[in-house]
Amino acid sequence: MKNSLYLKKYVQMHPDNKMGWYLLGKEYEKSGQQGKANYCFNQSGGIYEAFETSRVPSDIWLEYEQKLLKQAEDAERKRRRIRRAAVALMILILVLIPSVESPQRQSLAEESANPGEEVQAAAAAGDMPEKTGTGIGEGAAAEARQPASGTVFTALGEDDGDGKAHLLADEMSIAQKSRNRLAVLTMKRQGKWLLWSRDLPVSYTMLSGGKGKMTYQSYNAKDCACKPEDQEALQSAAAKWTLEQEELALLYSAMAAYRDKNGALPKSVNDLTRPFPENWVSGRTPRMQEAFAPMAEWMQSGGSSSKGQEGGSGETASGANTPSSPFASTWGQEPFLQERLEIIVDKAAHRLAVVSGDKLIRSYQVGLGGERTPEGKYKISIKVMNPNGRDDGEFGSRGMQLSDTNYAIHGTDEPDSVGKDESKGCIRMSRADIEELFDLVPLGTPVLISKGVLPDLPLVPKERFLTKPRQDQTNSHQTYHWL
């Protein structure tokens with residue numbers, strides 16, 4: 001399976017290389033993973049037909065495979081060198097950073113030979129603590145072991161060197177004004193997608209001690225053979241942050257969809273949680289309740305313009321960055337998932353994904369109808385619980401209709417059909433998946449149905465997203481005849 005790992009990394013970096021997809025498919029086929037093999041063959045396009053139906057000598061494509069493997073191995077070694085160099089560069093920058101309070105450029109630092117240990121730079125000898133320990137004063141070390149209130153989070157794609165450098169520069173520029181510790185989480189990359197998860201690992205933290213002092217701590221075992229004392233507590237705080245970002249993404253997407261239809265933002269969460277058919281969201285969480293007012297102010301100020309779909313100046317609302325704000329735990333004091341949630345259905349991979357920009361939030365296996373499932377752009381126009389008065393009927397316990405069509409995303413009383421082309425055109429999901437999707441996306445969510453746009457992998461948390469519905473979302477006045 002070593003070859004398939006290198007080929008997989010190669011096609012992630014070169015998704016347009018048809019031959020790479022074909023060779024990866026052959027590796028999966030040899031190992032008995034026919035589903036993954038078929039997905040790769042679909043991505044390879046005409047290459048598959050050319051090599052499977054012709055009498056091209058096997059040594060030709062074997063030679064080509066060896067060349068691709070060598071390129072992938074070389075690229076992996078290069079990434080490792082870059083990662084080590086990036087860590088060394090960040091340590092060097094932290095060591096050399098001057099104090100903004102000192103008129104002279106002086107630097108006293110204790111630099112560790114282990115890049116995973118903490119490193120601290122002081123602008124003058126008088127600024128150094130009496131006891132430095134592993135490179136951080138006792139008071140700062142105690143603060144570093146308390147991740148809950150004094151830590152802000154963000155996330156970057158793996159090997160995203162430019163992003164790390166950008167964050168480092170920005171964090172140093174505000175280091176003298178804030179004592180918050182920045183914790184950077186790492187998202188895996190699959191082609192153009194960044195894979196979101198509730199348990200994103202903490203990669204490193206940065207802590208300003210004031211007066212030019214800065215501490216960097218690696219939490220990545222590849223960079224450091226160390227285990228920081230607060231690793232477990234920090235990882236637990238990170239998991240709470242990722243859940244919070246999903247709640248804020250749902251709230252923002254619902255408010256934006258409501259404004260698209262009604263020309264103004266809702267006045268309260270109650271406007272989003274009315275009975276069917278005005279059930280923009282299926283329920284609320286305490287975080288959504290307290291985040292509504294600052295979210296509305298942030299949207300009105302145009303805070304989502306740089307990354308979202310709404311337009312504006314990109315400035316954060318003045319009331320959205322107070323210590324009690326739901327954005328206070330995020331670096332930059334803005335929602336992390338700033339692009340509206342969207343559903344993408346890949347007919348080739350039998351996958352339905354929830355995305356925010358280039359971030360893949362969820363990926364479920366679905367049942368389809370082959371060519372009977374239409375392609376194109378739609379919106380969720382109806383969200384209904386227990387379609388036709390049943391939670392165990394042909395449409396399962398949840399249904400979401402696509403625009404003004406007779407197609408829907410719904411549950412099924414034939415769970416074995418999920419992953420196959422047995423519907424008349426609708427999108428079938430397992431009960432657990434459709435019930436989570438129903439809670440995770442609002443009315444008005446854009447839906448794109450296409451081919452070859454999603455990776456063939458599952459992405460579902462152990463603990464499902466739940467908003468605890470309070471309103472009546474059934475519709476006893478209509479019989480649905482979805483296909």
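**Group meeting: a predicted model and its glutamine 401**

Okay, let's start with the shaky part: residues 97–149 sit at pLDDT under 50 throughout, and for that stretch the model has 108 contacts beyond four places in sequence. There's another such stretch, residues 304–323, again with pLDDT below 50, and there the model shows 49 contacts beyond near neighbours in sequence. This is a predicted model, remember, and where pLDDT is low, the predicted coordinates should not be read in detail. So much for the caveat. Over the whole protein chain, the mean pLDDT is 76, with 67% of residues at 70 or more.

Now the overall picture. We've got 483 residues in the protein chain, and 51% of them count as buried. The chain has 11 helices and 15 strands. If you take contacts between residues at least 6 apart in sequence, 66% of them join residues at least 24 apart. For the surface people: accessible area is about 22600 Å², and carbon and sulfur atoms own 49% of that.

Let me zoom in on one residue, glutamine 401. You'll find it in strand β12, which runs over residues 398–402. Is glutamine 401 buried or exposed? Glutamine 401 is buried, because its relative accessible area is 11%, and the cut-off for buried is under 20%.

So what does the side chain of glutamine 401 reach? One partner is the backbone oxygen of threonine 405, at 3.2 Å. Another is the side chain of tryptophan 482, a polar contact at 2.8 Å. Leaving out residues up to four places away in sequence, glutamine 401 also touches several others, including Lys379, Ile380, Tyr407 and Tyr480.

Technical notes:
Residues are numbered from 1 along each chain as its sequence is written. This is a predicted model: local features need pLDDT of at least 70, side-chain atom pairs count only at pLDDT 80 or more; totals for chains, interfaces and linings use all residues. Side-chain values use heavy atoms; hydrogens and water are left out. Helices (H or I, at least four residues) and strands (E, at least two) are DSSP runs, numbered from the N terminus. Buried means under 20% relative accessible area, exposed over 50%, partly exposed in between (1.4 Å probe, protein chains only). Contact means heavy atoms within 4.5 Å. Accessible areas come from the Shrake-Rupley method with a 1.4 Å probe; for residues, only the protein chains shown count as cover. pLDDT is the predictor's confidence in each residue, from 0 to 100. A polar contact is a pair of N or O atoms within 3.5 Å; within protein, one must be able to donate a hydrogen and the other to accept it, and residues adjacent in sequence count only if both atoms are side-chain atoms.
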